[in-house]
Amino acid sequence: MDIKTLLHNLREEVSCPVCTNIYTDPKHLPCLHSFCLQCLKHWHRSSHGRDTIRCPKCQAVSRVPDSGDLKDLPTSFYLNGLIDVLAIKECKTSQVGCGNCQKKSSHSSYCFQCCMFWCKECLIAHNIIQSNKDHRVLALKDFQEKDYEDVLKRPLFCSKQRHEKEELKYFCKNCETAACQSCVLIHHAGHAILHLEEEAERQKMELKSLIEIQKYDLQAKINTLGRLNEDCIKFIQRSEDIKGQVQKFVDNLIATIETKKQNILAAANDETKRFLETLTTQKMEIDNEIKIIESSLEKADTILKRSTHAEVVQLKKSFEEIFQGTQSQPKDCYPEKLPFLAFVENPKMLSTLNAEEIGMIQIAHQTKARQSVAEGKGLEEAIANRQAHFSLTTRDSKGRQCYNEGDHVTAEIIDEQGRDCATELKIIDNKDGLYQISYSPRNEGRCKVTIKFLTGMESFSTSLESREERMGSLIIQDLC
């Protein structure tokens with residue numbers, strides 16, 4: 001983070017996540033989150049554990065220092081530097097407390113060697129001291145960006161009582177802690193002591209190496225996440241495709257059933273039309289006969305009522321002939337009984353629909369090129385003009401034999417000039433992930449067998465070379 005960005009977000013950087021105020025004596029937990037010492041103590045008292053403390057931010061559990069006092073947690077010198085930078089940056093709007101007399105003023109100065117603020121009066125006393133003559137002191141109003149960076153790079157002093165003026169210059173390997181010269185003499189006698197700068201450079205190298213490993217691991221996880229996202233998209237798309245296939249299949253079923261329904265309805269209409277035409281003809285014939293009979297009866301009735309005896313005798317014979325002609329049909333003149341029209345269900349089809357599903361969702365393991373294996377004598381030796389055999393077994397990522405309907409296997413056998421040098425090439429798909437491959441080499445000599453395997457997700461080719469009748473081992477490699 002550059003200094004401009006740091007200064008822009010400075011107040012947020014130095015605000016405790018618990019109390020949201022500017023840090024007071026900031027301490028690091030092993031998870032690298034920082035909090036005010038008093039905030040941590042209050043948090044620890046409210047928690048159930050005595051020997052452990054849970055990070056208020058990430059909830060990571062860590063051990064309390066052996067002394068049992070949280071003040072022995074590592075101090076965040078970096079945050080302390082940022083707090084001083086914030087005080088310098090905001091000196092025009094807020095006053096800064098003098099490190100000597102605690103008097104607050106907006107016209108204070110900062111000593112880079114003492115790492116403290118001085119009011120005007122105390123600064124005079126500071127400058128009088130002979131040992132401070134080489135100290136760099138700068139008025140807060142004169143600070144530039146480079147000066148802020150120097151504040152952050154200031155020397156670190158021991159936090160132990162009566163050692164506050166001593167700079168941390170050494171590192172104890174036994175205690176794995178920075179120490180001042182007095183601490184080395186008093187508390188680390190007989191320990192392996194190194195210069196802090198040298199140890200820091202060594203640890204920086206180790207950290208850089210660790211960071212690179214973490215970066216590599218992070219990138220690998222990002223790549224994996226990217227592939228998982230791609231797989232999610234592909235899986236969702238595949239699901240949508242399956243839904244479309246199901247809908248299309250059901251639509252075809254419905255269309256087929258609808259067509260059969262329309263055929264039955266059309267047949268019913270045809271039969272109805274034919275029967276109605278027959279009935280209409282019969283109705284017309286009977287209607288004509290009724291009219292003739294009614295006319296004859298009317299005439300006969302008129303003659304009986306109005307004609308003379310002589311006329312009745314003369315016309316009787318004519319009426320008998322007319323009546324006999326109309327009585328050619330039997331008395332029960334209703335036509336032959338109509339056929340009975342009925343729909344006979346197909347119980348087998350209905351039973352099949354009820355018993356069988358229209359399909360199923362199949363979870364097929366994706367075949368993996370690197371796991372697939374080709375083996376057999378046909379990969380070790382082949383005799384010209386004689387059939388040779390070998391097999392290909394497709395497997396998933398866990399090495400299990402698997403099969404997908406979308407898998408497609410082809411084979412090619414060519415000579416050194418790239419010409420096809422085999423006949424009767426056959427690939428038998430056993431529908432279980434096992435493919436039986438056979439071929440007959442035309443001539444002796446060097447040849448190359450290439451197997452190409454294509455799935456919906458990836459493809460790979462395998463090849464081997466042969467000298468005369470001897471073949472080498474098969475090498476499988478991904479093309480994707």
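Me: Two strands pair if DSSP finds at least two bridges between them. How do you know that strand E7 and E8 pair?

Reply: This is a predicted model, in which local features need pLDDT of at least 70, side-chain atom pairs count only at pLDDT 80 or more, and totals for chains, interfaces and linings use all residues. Residues are numbered from 1 along each chain as its sequence is written, and side-chain values use heavy atoms, with hydrogens and water left out. Now the strands. Three bridges join strand E7 (residues 109-111) and E8. The cut-off is at least two, so they pair. Their sense is antiparallel. One bridge sets Cys111 opposite Met116 in E8.

Me: What makes a run of residues a helix or a strand?

Reply: Both are DSSP runs, numbered from the N terminus: helices (H or I) need at least four residues, strands (E) at least two. The protein has ten helices and 21 strands.

Me: Which strands are the edge strands of the sheet with E7, E8 and E9?

Reply: The order is E8-E7-E9, in an open, antiparallel sheet of three strands. Strand E8 (116-118) and E9 pair on one side only, which makes them the edges. From one strand to the next, the twist averages 30°. Angles run from 0 to 180 degrees between N-to-C directions, and axes are lines fitted to C-alpha atoms, for helices over the stretch in contact.

Me: How do you know that strand E10 and E11 pair?

Reply: Count the bridges again. Strand E10 (residues 170-172) and E11 share three, and they run antiparallel. Tyr170 faces Ala179 in E11. The open sheet here has the order E11-E10-E12. Its edges are strand E11 (177-179) and strand E12 (193-195). Its twist averages 35° from strand to strand.

Me: Which strands does helix H8 touch?

Reply: Helix H8 (residues 196-306) touches E10, E11 and E12 as it packs on the sheet. A contact is heavy atoms within 4.5 Å. The directions of H8 and E12 make about 85°.

Me: Why is the pair of Phe390 and Tyr439 called edge-to-face?

Reply: A pair of aromatic rings is described by the distance of the centres and the angle of the planes. Rings of Phe, Tyr and Trp (its six-membered ring) pair if their centres lie within 6.5 Å; planes under 30 degrees apart are stacked, over 60 edge-to-face, the rest tilted. Phe390 and Tyr439 are 6.2 Å apart, centre to centre, with 65° between the planes. Both tests are met, so the pair is aromatic and edge-to-face.

Me: What does this pair link?

Reply: Distant parts of the chain. Phe390 is in strand E14 (residues 388-396) and Tyr439 in strand E17 (residues 434-441), 49 residues apart. The structure has six aromatic pairs. Elsewhere, ring pairs join Tyr110, Phe112, Phe117, Phe143 and Tyr148 into a cluster.

Me: Why does Phe390 count as buried?

Reply: Buried means under 20% relative accessible area, exposed over 50%, partly exposed in between (1.4 Å probe, protein chains only). Phe390 has 3%, so it is buried. Tyr439, at 1%, is buried too. Of the 480 residues of the protein, 26% count as buried.

Me: What makes Asp147 and Arg136 a salt bridge?

Reply: The test is a side-chain nitrogen of Lys or Arg within 4 Å of a carboxyl oxygen of Asp or Glu. Here the closest N and O atoms are 2.5 Å apart, so the pair passes. Asp147 lies in helix H6 (residues 145-152), while Arg136 lies in the loop between helix H5 (120-128) and strand E9 (137-139), so the bridge ties together parts eleven residues apart in sequence. Asp147 is buried at 9%. Arg136 is partly exposed at 33%.

Me: What else does Arg136 do, over the ring of Phe112?

Reply: Its charged end sits over that ring, 4.0 Å from the centre. The rule asks for NZ of Lys or CZ of Arg within 6 Å of the ring centre and within 35 degrees of the ring normal.

Me: How far apart do Asp150 and Lys146 lie in helix H6?

Reply: Four residues, about one turn of the helix. They form a salt bridge, with the closest N and O atoms 2.9 Å apart. Asp150 has 17% relative accessibility, so it counts as buried. Salt bridges with shared partners join Arg136, Lys146, Asp147 and Asp150 into one network.

Me: Is Asp72, which forms a salt bridge with Lys71, buried or partly exposed?

Reply: Partly exposed, because its relative accessible area is 39%. Lys71 is partly exposed as well, at 44%. Their closest N and O atoms are 3.4 Å apart. The structure holds 21 salt bridges.
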